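Please find below a short note for a colleague who is looking at this structure for the first time. The points deal with the ligand and its surroundings, and then with one of the sheets.

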Amino acid sequence: MNAPDHPDPQAFVRTADRPLVVALRASLWLIAGLGIIALPFVLILLGSDRPTAVHPLWDFAMGCGFAALTLAIAQFALTGRVKLLTTPFGADIIYLFHRFLSWGVLGLMLTHFGILYIWYQPALGELNPLTARWELTAGRVALVCFGALILSSELRKRVGLEYHGWRILHIALAVTGTFAALAHVLGVGKYSAMAGSRTLWLGIALVWAAFLAWSRLLRPMVLARNPWRVTSNEAERGGVHTLTLRPEGQPLRAWKPGQFAWLTIGHAPWALREHPFTISTAPDRGPEVSFSIKPLGDDSERMAKTPPGTLAYVDGPFGTFSIDREATAEGFVMIAGGVGITPILSNLHALQSRDDPRPVILLYANSTLDEASFREELGAIAQDIDLTIVHVPEEAPEDWQGETGMIDKDLLARHLPDMTHDWPHMLCGPAPMLEAVSKGLTALGVPARRISSEIFDLV
Ligand SMILES: Cc1cc2nc3c(=O)[nH]c(=O)nc-3n(C[C@H](O)[C@H](O)[C@H](O)COP(=O)(O)OP(=O)(O)OC[C@H]3O[C@@H](n4cnc5c(N)ncnc54)[C@H](O)[C@@H]3O)c2cc1C
(Lines give C-alpha, C1' and ligand atoms only; values in the text may rest on other atoms or scores of the structure.)
Protein backbone atom coordinates (compact mmCIF):
# COMPACT_ATOMS: atom_id res chain seq x y z
CA MET A 1 0.00 0.00 0.00
CA ASN A 2 1.25 3.47 -0.78
CA ALA A 3 1.77 5.88 2.07
CA PRO A 4 -0.97 8.50 1.86
CA ASP A 5 1.43 11.35 0.99
CA HIS A 6 2.73 9.53 -2.10
CA PRO A 7 0.96 10.30 -5.36
CA ASP A 8 -0.97 7.36 -6.82
CA PRO A 9 1.02 5.94 -9.84
CA GLN A 10 -2.33 5.71 -11.67
CA ALA A 11 -2.43 9.51 -11.68
CA PHE A 12 0.42 9.55 -14.23
CA VAL A 13 -1.25 7.15 -16.64
CA ARG A 14 -3.03 8.77 -19.56
CA THR A 15 -6.26 7.20 -20.79
CA ALA A 16 -4.52 6.15 -24.02
CA ASP A 17 -2.00 4.13 -21.96
CA ARG A 18 -4.47 2.21 -19.80
CA PRO A 19 -3.89 -1.52 -20.48
CA LEU A 20 -7.43 -2.11 -21.73
CA VAL A 21 -7.29 0.87 -24.10
CA VAL A 22 -3.85 -0.21 -25.36
CA ALA A 23 -5.11 -3.78 -25.98
CA LEU A 24 -8.21 -2.46 -27.73
CA ARG A 25 -6.25 -0.11 -29.96
CA ALA A 26 -3.67 -2.78 -30.77
CA SER A 27 -6.49 -5.21 -31.72
CA LEU A 28 -8.19 -2.59 -33.88
CA TRP A 29 -4.95 -1.89 -35.75
CA LEU A 30 -4.36 -5.62 -36.27
CA ILE A 31 -7.92 -6.04 -37.60
CA ALA A 32 -7.36 -2.99 -39.85
CA GLY A 33 -4.12 -4.61 -41.10
CA LEU A 34 -5.90 -7.85 -41.94
CA GLY A 35 -8.66 -5.82 -43.60
CA ILE A 36 -6.06 -4.10 -45.80
CA ILE A 37 -4.89 -7.49 -47.09
CA ALA A 38 -8.40 -8.89 -47.47
CA LEU A 39 -10.04 -5.83 -49.07
CA PRO A 40 -8.68 -6.33 -52.62
CA PHE A 41 -9.84 -9.98 -52.66
CA VAL A 42 -13.30 -8.99 -51.42
CA LEU A 43 -13.55 -6.18 -53.99
CA ILE A 44 -12.62 -8.55 -56.80
CA LEU A 45 -15.12 -11.19 -55.74
CA LEU A 46 -17.95 -8.72 -55.16
CA GLY A 47 -17.23 -6.44 -58.15
CA SER A 48 -20.50 -6.27 -60.11
CA ASP A 49 -18.77 -5.08 -63.33
CA ARG A 50 -16.03 -7.65 -62.96
CA PRO A 51 -14.98 -9.19 -66.30
CA THR A 52 -16.88 -12.42 -66.84
CA ALA A 53 -15.48 -15.89 -67.47
CA VAL A 54 -12.30 -15.42 -65.45
CA HIS A 55 -10.80 -18.31 -63.56
CA PRO A 56 -10.50 -18.23 -59.73
CA LEU A 57 -6.73 -18.64 -60.11
CA TRP A 58 -6.63 -15.46 -62.17
CA ASP A 59 -8.76 -13.73 -59.52
CA PHE A 60 -6.36 -14.94 -56.86
CA ALA A 61 -3.35 -13.62 -58.79
CA MET A 62 -5.03 -10.21 -59.16
CA GLY A 63 -5.98 -10.20 -55.46
CA CYS A 64 -2.33 -10.88 -54.54
CA GLY A 65 -1.16 -8.00 -56.71
CA PHE A 66 -3.67 -5.57 -55.19
CA ALA A 67 -2.97 -6.77 -51.64
CA ALA A 68 0.77 -6.27 -52.24
CA LEU A 69 0.10 -2.67 -53.19
CA THR A 70 -2.16 -1.86 -50.23
CA LEU A 71 0.32 -3.49 -47.87
CA ALA A 72 3.20 -1.55 -49.47
CA ILE A 73 1.32 1.70 -48.93
CA ALA A 74 0.51 0.72 -45.33
CA GLN A 75 4.28 0.36 -44.76
CA PHE A 76 4.67 4.12 -45.17
CA ALA A 77 2.23 4.67 -42.30
CA LEU A 78 4.09 2.09 -40.18
CA THR A 79 7.43 3.89 -40.53
CA GLY A 80 6.00 7.41 -40.77
CA ARG A 81 6.07 8.02 -36.99
CA VAL A 82 2.29 8.16 -36.66
CA LYS A 83 1.86 8.34 -32.88
CA LEU A 84 -1.68 6.96 -32.99
CA LEU A 85 -0.27 3.82 -34.60
CA THR A 86 2.99 3.41 -32.65
CA THR A 87 1.60 4.03 -29.15
CA PRO A 88 -0.13 0.67 -28.59
CA PHE A 89 2.89 -1.34 -29.79
CA GLY A 90 6.11 0.64 -29.30
CA ALA A 91 8.53 1.76 -32.01
CA ASP A 92 10.66 -1.41 -31.95
CA ILE A 93 7.66 -3.70 -32.47
CA ILE A 94 6.42 -1.45 -35.28
CA TYR A 95 9.80 -1.76 -37.05
CA LEU A 96 9.68 -5.52 -36.56
CA PHE A 97 6.19 -5.58 -38.18
CA HIS A 98 7.58 -3.43 -40.97
CA ARG A 99 10.38 -5.88 -41.58
CA PHE A 100 8.14 -8.95 -41.71
CA LEU A 101 5.36 -7.27 -43.68
CA SER A 102 7.94 -6.22 -46.30
CA TRP A 103 8.56 -9.89 -46.94
CA GLY A 104 4.77 -10.24 -47.22
CA VAL A 105 4.66 -7.52 -49.91
CA LEU A 106 7.40 -9.23 -51.90
CA GLY A 107 5.74 -12.64 -51.45
CA LEU A 108 2.39 -11.33 -52.72
CA MET A 109 4.06 -9.62 -55.69
CA LEU A 110 5.98 -12.77 -56.61
CA THR A 111 2.82 -14.88 -56.30
CA HIS A 112 0.98 -12.42 -58.57
CA PHE A 113 3.76 -12.47 -61.16
CA GLY A 114 4.48 -16.19 -60.75
CA ILE A 115 0.87 -17.29 -61.42
CA LEU A 116 0.71 -15.12 -64.53
CA TYR A 117 4.11 -16.36 -65.68
CA ILE A 118 3.19 -20.03 -65.28
CA TRP A 119 -0.49 -20.11 -66.28
CA TYR A 120 -1.24 -16.89 -68.17
CA GLN A 121 1.91 -16.20 -70.21
CA PRO A 122 0.07 -14.22 -72.95
CA ALA A 123 -1.20 -11.73 -70.37
CA LEU A 124 2.39 -10.80 -69.56
CA GLY A 125 3.12 -9.80 -73.15
CA GLU A 126 6.65 -8.72 -73.98
CA LEU A 127 9.19 -8.84 -71.15
CA ASN A 128 11.69 -6.59 -72.93
CA PRO A 129 11.10 -3.11 -71.40
CA LEU A 130 11.91 -1.44 -74.73
CA THR A 131 9.01 -3.10 -76.49
CA ALA A 132 6.67 -4.08 -73.63
CA ARG A 133 3.55 -2.10 -72.70
CA TRP A 134 4.56 0.65 -70.21
CA GLU A 135 2.05 -0.40 -67.55
CA LEU A 136 3.38 -3.97 -67.53
CA THR A 137 6.96 -2.68 -67.31
CA ALA A 138 5.84 -0.52 -64.36
CA GLY A 139 4.72 -3.70 -62.55
CA ARG A 140 8.13 -5.30 -63.16
CA VAL A 141 9.92 -2.15 -61.97
CA ALA A 142 7.88 -2.38 -58.74
CA LEU A 143 8.90 -6.03 -58.30
CA VAL A 144 12.60 -5.23 -58.84
CA CYS A 145 12.44 -2.23 -56.47
CA PHE A 146 10.85 -4.23 -53.64
CA GLY A 147 13.25 -7.14 -54.18
CA ALA A 148 16.24 -4.74 -54.05
CA LEU A 149 14.73 -3.02 -51.03
CA ILE A 150 14.52 -6.22 -49.02
CA LEU A 151 17.90 -7.54 -50.13
CA SER A 152 19.69 -4.27 -49.31
CA SER A 153 18.02 -4.16 -45.87
CA GLU A 154 18.70 -7.77 -44.95
CA LEU A 155 22.33 -7.61 -46.15
CA ARG A 156 23.11 -4.03 -45.00
CA LYS A 157 25.23 -4.95 -42.01
CA ARG A 158 26.84 -7.98 -43.64
CA VAL A 159 28.06 -5.99 -46.65
CA GLY A 160 28.93 -2.96 -44.47
CA LEU A 161 26.50 -0.55 -46.17
CA GLU A 162 26.67 2.80 -44.33
CA TYR A 163 23.36 3.55 -42.52
CA HIS A 164 22.67 6.99 -43.99
CA GLY A 165 23.37 5.88 -47.58
CA TRP A 166 21.22 2.79 -47.06
CA ARG A 167 18.38 4.93 -45.69
CA ILE A 168 18.34 7.20 -48.76
CA LEU A 169 18.42 4.13 -51.03
CA HIS A 170 15.63 2.53 -48.96
CA ILE A 171 13.31 5.52 -49.26
CA ALA A 172 14.09 5.99 -52.98
CA LEU A 173 13.34 2.31 -53.72
CA ALA A 174 10.16 2.34 -51.62
CA VAL A 175 8.77 5.48 -53.27
CA THR A 176 9.74 4.40 -56.81
CA GLY A 177 8.43 0.86 -56.23
CA THR A 178 5.09 2.04 -54.83
CA PHE A 179 4.68 4.67 -57.58
CA ALA A 180 5.42 2.02 -60.23
CA ALA A 181 2.96 -0.41 -58.62
CA LEU A 182 0.21 2.24 -58.56
CA ALA A 183 0.94 3.12 -62.20
CA HIS A 184 0.77 -0.60 -63.04
CA VAL A 185 -2.61 -1.09 -61.32
CA LEU A 186 -4.17 2.03 -62.79
CA GLY A 187 -2.56 1.49 -66.21
CA VAL A 188 -3.48 -2.15 -66.67
CA GLY A 189 -6.97 -1.08 -65.74
CA LYS A 190 -8.79 -4.35 -66.25
CA TYR A 191 -10.05 -4.62 -62.72
CA SER A 192 -9.22 -1.09 -61.68
CA ALA A 193 -11.36 0.09 -64.62
CA MET A 194 -14.38 -1.00 -62.61
CA ALA A 195 -15.85 2.32 -61.51
CA GLY A 196 -15.68 1.64 -57.74
CA SER A 197 -12.29 0.00 -57.86
CA ARG A 198 -10.70 2.73 -59.97
CA THR A 199 -12.00 5.42 -57.61
CA LEU A 200 -10.66 3.44 -54.67
CA TRP A 201 -7.16 3.17 -56.20
CA LEU A 202 -7.10 6.84 -57.17
CA GLY A 203 -8.17 7.69 -53.60
CA ILE A 204 -5.45 5.45 -52.15
CA ALA A 205 -2.88 7.07 -54.47
CA LEU A 206 -3.93 10.54 -53.27
CA VAL A 207 -3.81 9.55 -49.58
CA TRP A 208 -0.34 8.11 -50.15
CA ALA A 209 0.88 11.28 -51.90
CA ALA A 210 -0.59 13.43 -49.08
CA PHE A 211 1.08 11.27 -46.45
CA LEU A 212 4.44 11.51 -48.25
CA ALA A 213 4.12 15.29 -48.48
CA TRP A 214 3.24 15.51 -44.79
CA SER A 215 6.01 13.22 -43.51
CA ARG A 216 8.84 14.36 -45.80
CA LEU A 217 8.00 18.06 -46.28
CA LEU A 218 5.41 19.47 -43.90
CA ARG A 219 6.57 17.83 -40.68
CA PRO A 220 10.24 18.83 -41.28
CA MET A 221 8.96 22.38 -41.98
CA VAL A 222 7.16 22.43 -38.62
CA LEU A 223 10.37 21.18 -36.95
CA ALA A 224 12.40 23.88 -38.75
CA ARG A 225 10.09 26.54 -37.31
CA ASN A 226 10.66 25.19 -33.80
CA PRO A 227 14.42 24.97 -33.40
CA TRP A 228 16.23 24.13 -30.17
CA ARG A 229 19.57 25.46 -28.94
CA VAL A 230 22.21 23.30 -27.25
CA THR A 231 22.97 25.02 -23.94
CA SER A 232 25.52 22.61 -22.49
CA ASN A 233 27.53 19.49 -23.27
CA GLU A 234 28.72 17.48 -20.24
CA ALA A 235 31.11 14.53 -20.52
CA GLU A 236 29.99 11.45 -18.52
CA ARG A 237 31.68 8.16 -17.72
CA GLY A 238 31.91 5.65 -20.58
CA GLY A 239 32.42 8.25 -23.32
CA VAL A 240 28.79 9.42 -23.06
CA HIS A 241 27.99 13.12 -23.51
CA THR A 242 24.85 14.73 -22.09
CA LEU A 243 23.50 17.56 -24.23
CA THR A 244 20.96 19.94 -22.75
CA LEU A 245 18.71 21.75 -25.21
CA ARG A 246 16.51 24.80 -24.76
CA PRO A 247 13.45 25.30 -27.00
CA GLU A 248 13.43 28.42 -29.15
CA GLY A 249 9.92 27.61 -30.35
CA GLN A 250 7.40 25.08 -29.01
CA PRO A 251 8.68 22.99 -26.07
CA LEU A 252 8.24 19.22 -26.09
CA ARG A 253 4.75 18.25 -25.00
CA ALA A 254 3.86 15.71 -22.27
CA TRP A 255 6.55 13.07 -22.58
CA LYS A 256 6.58 10.00 -20.36
CA PRO A 257 9.65 8.70 -18.56
CA GLY A 258 11.65 6.38 -20.82
CA GLN A 259 10.39 7.90 -24.08
CA PHE A 260 12.70 9.04 -26.87
CA ALA A 261 12.81 11.73 -29.54
CA TRP A 262 14.37 11.97 -33.00
CA LEU A 263 17.24 14.42 -32.74
CA THR A 264 18.83 16.29 -35.65
CA ILE A 265 21.96 18.33 -35.05
CA GLY A 266 24.02 20.12 -37.67
CA HIS A 267 21.61 19.37 -40.53
CA ALA A 268 18.22 20.62 -41.74
CA PRO A 269 15.22 18.56 -40.51
CA TRP A 270 14.58 17.12 -44.01
CA ALA A 271 18.18 15.90 -44.43
CA LEU A 272 17.29 12.40 -43.10
CA ARG A 273 20.03 12.74 -40.44
CA GLU A 274 17.77 12.37 -37.38
CA HIS A 275 18.63 9.75 -34.74
CA PRO A 276 16.56 8.36 -31.86
CA PHE A 277 17.78 9.27 -28.35
CA THR A 278 16.11 8.85 -24.98
CA ILE A 279 14.87 12.01 -23.31
CA SER A 280 16.72 11.81 -20.02
CA THR A 281 14.92 14.70 -18.32
CA ALA A 282 12.09 13.73 -15.94
CA PRO A 283 8.66 14.62 -17.43
CA ASP A 284 7.83 17.12 -14.71
CA ARG A 285 10.94 19.14 -15.59
CA GLY A 286 11.46 21.25 -18.66
CA PRO A 287 11.15 23.08 -20.93
CA GLU A 288 14.88 22.22 -21.29
CA VAL A 289 15.51 18.57 -22.15
CA SER A 290 18.64 16.43 -22.08
CA PHE A 291 19.91 13.58 -24.24
CA SER A 292 22.87 11.38 -23.32
CA ILE A 293 24.74 10.25 -26.40
CA LYS A 294 27.32 7.49 -26.69
CA PRO A 295 29.45 7.72 -29.85
CA LEU A 296 28.72 4.45 -31.66
CA GLY A 297 29.09 5.62 -35.25
CA ASP A 298 29.76 8.68 -37.42
CA ASP A 299 26.68 10.74 -36.53
CA SER A 300 26.55 9.93 -32.82
CA GLU A 301 30.28 10.73 -32.59
CA ARG A 302 29.70 14.09 -34.23
CA MET A 303 26.56 14.77 -32.14
CA ALA A 304 28.33 13.90 -28.88
CA LYS A 305 30.87 16.66 -29.64
CA THR A 306 28.23 19.35 -30.26
CA PRO A 307 29.36 22.70 -28.83
CA PRO A 308 26.88 24.84 -26.85
CA GLY A 309 25.04 27.33 -29.07
CA THR A 310 24.42 24.83 -31.90
CA LEU A 311 20.89 24.58 -33.37
CA ALA A 312 19.03 21.29 -33.08
CA TYR A 313 15.62 19.84 -34.02
CA VAL A 314 13.61 17.55 -31.78
CA ASP A 315 10.74 15.35 -32.99
CA GLY A 316 8.94 13.48 -30.23
CA PRO A 317 8.02 12.06 -27.88
CA PHE A 318 7.76 8.41 -28.96
CA GLY A 319 8.09 5.01 -27.28
CA THR A 320 6.49 2.87 -24.63
CA PHE A 321 9.39 1.81 -22.38
CA SER A 322 7.90 3.52 -19.38
CA ILE A 323 6.90 2.88 -15.77
CA ASP A 324 3.71 4.75 -16.67
CA ARG A 325 2.56 1.63 -18.48
CA GLU A 326 2.86 -0.25 -15.17
CA ALA A 327 0.85 1.75 -12.69
CA THR A 328 -0.29 -1.34 -10.79
CA ALA A 329 3.17 -2.95 -10.52
CA GLU A 330 4.39 -3.61 -6.99
CA GLY A 331 8.03 -3.05 -7.95
CA PHE A 332 10.38 -3.10 -10.93
CA VAL A 333 13.35 -5.10 -12.15
CA MET A 334 15.48 -3.01 -14.50
CA ILE A 335 18.43 -4.49 -16.40
CA ALA A 336 20.76 -2.28 -18.43
CA GLY A 337 23.88 -2.82 -20.50
CA GLY A 338 26.14 0.15 -21.34
CA VAL A 339 24.31 3.14 -22.80
CA GLY A 340 21.07 1.14 -22.42
CA ILE A 341 20.98 2.80 -19.00
CA THR A 342 19.49 6.01 -20.50
CA PRO A 343 15.77 5.06 -20.61
CA ILE A 344 16.16 3.32 -17.25
CA LEU A 345 17.74 6.43 -15.75
CA SER A 346 14.85 8.49 -17.08
CA ASN A 347 12.36 6.11 -15.41
CA LEU A 348 14.33 6.21 -12.15
CA HIS A 349 14.35 10.02 -12.24
CA ALA A 350 10.57 9.95 -12.56
CA LEU A 351 10.20 7.56 -9.57
CA GLN A 352 12.48 9.90 -7.62
CA SER A 353 10.70 13.13 -8.52
CA ARG A 354 7.31 11.54 -7.77
CA ASP A 355 8.55 10.19 -4.46
CA ASP A 356 7.34 6.75 -5.57
CA PRO A 357 7.93 4.18 -2.81
CA ARG A 358 7.91 1.07 -5.03
CA PRO A 359 11.13 -0.98 -4.87
CA VAL A 360 13.45 -1.26 -7.87
CA ILE A 361 16.27 -3.75 -8.45
CA LEU A 362 18.72 -2.51 -11.08
CA LEU A 363 21.30 -4.83 -12.66
CA TYR A 364 23.76 -2.73 -14.64
CA ALA A 365 26.38 -4.37 -16.87
CA ASN A 366 29.44 -2.58 -18.26
CA SER A 367 32.88 -3.54 -19.51
CA THR A 368 34.48 -1.98 -16.41
CA LEU A 369 33.18 -0.09 -13.37
CA ASP A 370 34.81 3.10 -14.64
CA GLU A 371 32.79 2.79 -17.85
CA ALA A 372 29.46 2.72 -15.97
CA SER A 373 27.82 5.97 -17.11
CA PHE A 374 25.85 7.84 -14.41
CA ARG A 375 27.30 5.66 -11.61
CA GLU A 376 27.32 8.56 -9.14
CA GLU A 377 23.90 9.84 -10.28
CA LEU A 378 22.41 6.37 -9.74
CA GLY A 379 23.97 6.27 -6.28
CA ALA A 380 22.34 9.62 -5.48
CA ILE A 381 18.93 8.42 -6.71
CA ALA A 382 19.30 5.35 -4.46
CA GLN A 383 19.48 7.73 -1.47
CA ASP A 384 15.97 8.96 -2.30
CA ILE A 385 14.07 5.90 -3.51
CA ASP A 386 14.00 2.17 -2.71
CA LEU A 387 16.65 1.30 -5.34
CA THR A 388 19.06 -1.64 -5.13
CA ILE A 389 21.90 -1.34 -7.64
CA VAL A 390 23.92 -4.36 -8.70
CA HIS A 391 26.88 -3.36 -10.87
CA VAL A 392 28.13 -6.16 -13.12
CA PRO A 393 31.48 -5.19 -14.65
CA GLU A 394 32.87 -7.61 -17.19
CA GLU A 395 36.34 -6.97 -15.76
CA ALA A 396 36.60 -5.86 -12.14
CA PRO A 397 39.44 -4.51 -9.97
CA GLU A 398 41.10 -7.08 -7.68
CA ASP A 399 39.47 -5.75 -4.50
CA TRP A 400 35.96 -5.86 -6.07
CA GLN A 401 33.54 -7.81 -3.89
CA GLY A 402 30.52 -7.71 -6.19
CA GLU A 403 29.34 -9.52 -9.30
CA THR A 404 31.52 -9.77 -12.38
CA GLY A 405 31.25 -11.27 -15.90
CA MET A 406 28.01 -11.58 -17.87
CA ILE A 407 24.45 -11.48 -16.60
CA ASP A 408 23.25 -15.07 -16.76
CA LYS A 409 20.57 -17.21 -15.13
CA ASP A 410 22.62 -17.85 -11.97
CA LEU A 411 23.39 -14.19 -11.47
CA LEU A 412 19.73 -13.32 -12.00
CA ALA A 413 18.68 -16.00 -9.49
CA ARG A 414 21.06 -14.53 -6.88
CA HIS A 415 19.45 -11.09 -7.02
CA LEU A 416 15.85 -11.63 -8.04
CA PRO A 417 13.83 -13.42 -5.35
CA ASP A 418 10.67 -15.27 -6.37
CA MET A 419 8.41 -12.44 -5.27
CA THR A 420 9.93 -10.18 -7.99
CA HIS A 421 9.00 -12.55 -10.83
CA ASP A 422 5.65 -10.88 -11.33
CA TRP A 423 7.13 -7.37 -11.41
CA PRO A 424 7.74 -5.76 -14.80
CA HIS A 425 11.27 -6.54 -16.07
CA MET A 426 12.55 -3.65 -18.18
CA LEU A 427 15.61 -4.51 -20.29
CA CYS A 428 17.78 -2.22 -22.41
CA GLY A 429 21.22 -3.01 -23.79
CA PRO A 430 23.05 -4.68 -26.69
CA ALA A 431 20.95 -7.25 -28.59
CA PRO A 432 23.02 -10.33 -27.52
CA MET A 433 22.71 -9.29 -23.88
CA LEU A 434 18.94 -8.77 -24.19
CA GLU A 435 18.59 -12.23 -25.70
CA ALA A 436 20.68 -13.92 -22.98
CA VAL A 437 18.92 -12.04 -20.16
CA SER A 438 15.44 -12.78 -21.56
CA LYS A 439 16.34 -16.50 -21.76
CA GLY A 440 17.69 -16.43 -18.19
CA LEU A 441 14.56 -14.71 -16.87
CA THR A 442 12.29 -17.16 -18.67
CA ALA A 443 14.26 -20.07 -17.24
CA LEU A 444 13.75 -18.59 -13.76
CA GLY A 445 10.00 -18.61 -14.34
CA VAL A 446 9.40 -14.94 -15.19
CA PRO A 447 6.38 -14.86 -17.52
CA ALA A 448 7.10 -13.44 -21.02
CA ARG A 449 4.39 -10.78 -20.54
CA ARG A 450 6.44 -9.37 -17.64
CA ILE A 451 9.55 -8.84 -19.82
CA SER A 452 9.83 -5.78 -22.03
CA SER A 453 12.86 -4.46 -23.81
CA GLU A 454 13.91 -1.31 -25.57
CA ILE A 455 15.90 -2.12 -28.69
CA PHE A 456 18.35 0.62 -29.69
CA ASP A 457 18.71 -0.92 -33.14
CA LEU A 458 15.43 -0.26 -35.01
CA VAL A 459 16.42 -1.93 -38.27
C1 LIG B 1 14.46 4.09 -29.10
C2 LIG B 1 15.94 4.36 -29.12
C3 LIG B 1 16.52 5.11 -28.12
C4 LIG B 1 17.91 5.34 -28.13
N5 LIG B 1 18.46 6.07 -27.12
C6 LIG B 1 19.79 6.28 -27.10
C7 LIG B 1 20.40 7.04 -26.07
O8 LIG B 1 19.74 7.55 -25.15
N9 LIG B 1 21.74 7.22 -26.11
C10 LIG B 1 22.53 6.68 -27.11
O11 LIG B 1 23.73 6.88 -27.09
N12 LIG B 1 21.96 5.94 -28.10
C13 LIG B 1 20.63 5.75 -28.13
N14 LIG B 1 20.07 5.03 -29.18
C15 LIG B 1 20.96 4.50 -30.22
C16 LIG B 1 21.29 5.61 -31.24
O17 LIG B 1 20.12 6.00 -31.91
C18 LIG B 1 22.30 5.06 -32.26
O19 LIG B 1 23.48 4.76 -31.57
C20 LIG B 1 22.62 6.09 -33.31
O21 LIG B 1 21.49 6.32 -34.12
C22 LIG B 1 23.79 5.58 -34.15
O23 LIG B 1 23.95 6.43 -35.26
P24 LIG B 1 25.38 6.62 -35.96
O25 LIG B 1 25.20 7.31 -37.26
O26 LIG B 1 26.32 7.25 -35.01
O27 LIG B 1 25.91 5.17 -36.15
P28 LIG B 1 25.86 4.24 -37.42
O29 LIG B 1 27.14 3.48 -37.46
O30 LIG B 1 25.41 4.97 -38.63
O31 LIG B 1 24.71 3.28 -36.98
C32 LIG B 1 24.89 2.29 -36.01
C33 LIG B 1 23.58 1.53 -35.94
O34 LIG B 1 22.60 2.37 -35.29
C35 LIG B 1 21.34 2.25 -35.97
N36 LIG B 1 20.95 3.59 -36.46
C37 LIG B 1 21.75 4.52 -36.99
N38 LIG B 1 21.05 5.62 -37.33
C39 LIG B 1 19.78 5.34 -37.02
C40 LIG B 1 18.57 6.06 -37.16
N41 LIG B 1 18.54 7.28 -37.68
N42 LIG B 1 17.44 5.45 -36.74
C43 LIG B 1 17.43 4.22 -36.22
N44 LIG B 1 18.54 3.49 -36.06
C45 LIG B 1 19.71 4.04 -36.46
C46 LIG B 1 21.53 1.33 -37.14
O47 LIG B 1 21.06 0.04 -36.84
C48 LIG B 1 23.00 1.27 -37.35
O49 LIG B 1 23.44 0.03 -37.82
C50 LIG B 1 18.70 4.81 -29.18
C51 LIG B 1 18.10 4.08 -30.20
C52 LIG B 1 16.75 3.85 -30.18
C53 LIG B 1 16.12 3.07 -31.30
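1. Which polar backbone atom is 2.8 Å from a nitrogen atom of the ligand? In this predicted model, the backbone atom belongs to S292, and the nitrogen atom of the ligand is 2.8 Å from it.

2. Side chains also take part: a polar side-chain atom of S300 lies 2.5 Å from an oxygen atom of the ligand, and an N or O atom in the side chain of T342 is 2.8 Å from an oxygen atom of the ligand. Of the 900 Å² of accessible area that the ligand has on its own, the protein covers 90%.

3. The elements that give two or more residues to the shell around the ligand are β3 (260-265), β4 (275-278), β5 (289-293) and α9 (298-304), and the largest share, four residues, comes from β4. Among the 26 residues around the ligand, those that come nearest are E274, P276, K294, S300 and D457. By character, the shell divides into 12 nonpolar, six polar and eight charged residues.

4. Turning to the sheet, five strands in the order β9-β8-β7-β10-β11 form an open sheet with parallel pairing, in which the edge strands β9 (387-393) and β11 (451-454) each pair on one side only. From one strand to the next, the twist averages 15 degrees.

5. Strand β10 (residues 425-428) is joined to β11 by four bridges, and L427 stands opposite S453 in β11. Helix α10 (residues 341-353) packs on the sheet and touches β7, β8, β9 and β10, while helix α13 (residues 431-444), which also packs on the sheet, touches β7, β8, β10 and β11, with its direction at about 160 degrees to that of β10.

Note on methods. Residues are numbered from 1 along each chain as its sequence is written. This is a predicted model: local features need pLDDT of at least 70, side-chain atom pairs count only at pLDDT 80 or more; totals for chains, interfaces and linings use all residues. Side-chain values use heavy atoms; hydrogens and water are left out. A residue is near a molecule or strand if one of its heavy atoms lies within 4 Å of it. A polar contact is a pair of N or O atoms within 3.5 Å; within protein, one must be able to donate a hydrogen and the other to accept it, and residues adjacent in sequence count only if both atoms are side-chain atoms. Accessible areas come from the Shrake-Rupley method with a 1.4 Å probe; for residues, only the protein chains shown count as cover. Ala, Val, Leu, Ile, Met, Phe, Trp, Tyr, Cys and Pro count as nonpolar, Asp, Glu, Lys and Arg as charged, and the others, Gly among them, as polar. Two strands pair if DSSP finds at least two bridges between them. Axes are lines fitted to C-alpha atoms, for helices over the stretch in contact, and angles run from 0 to 180 degrees between N-to-C directions. Contact means heavy atoms within 4.5 Å.
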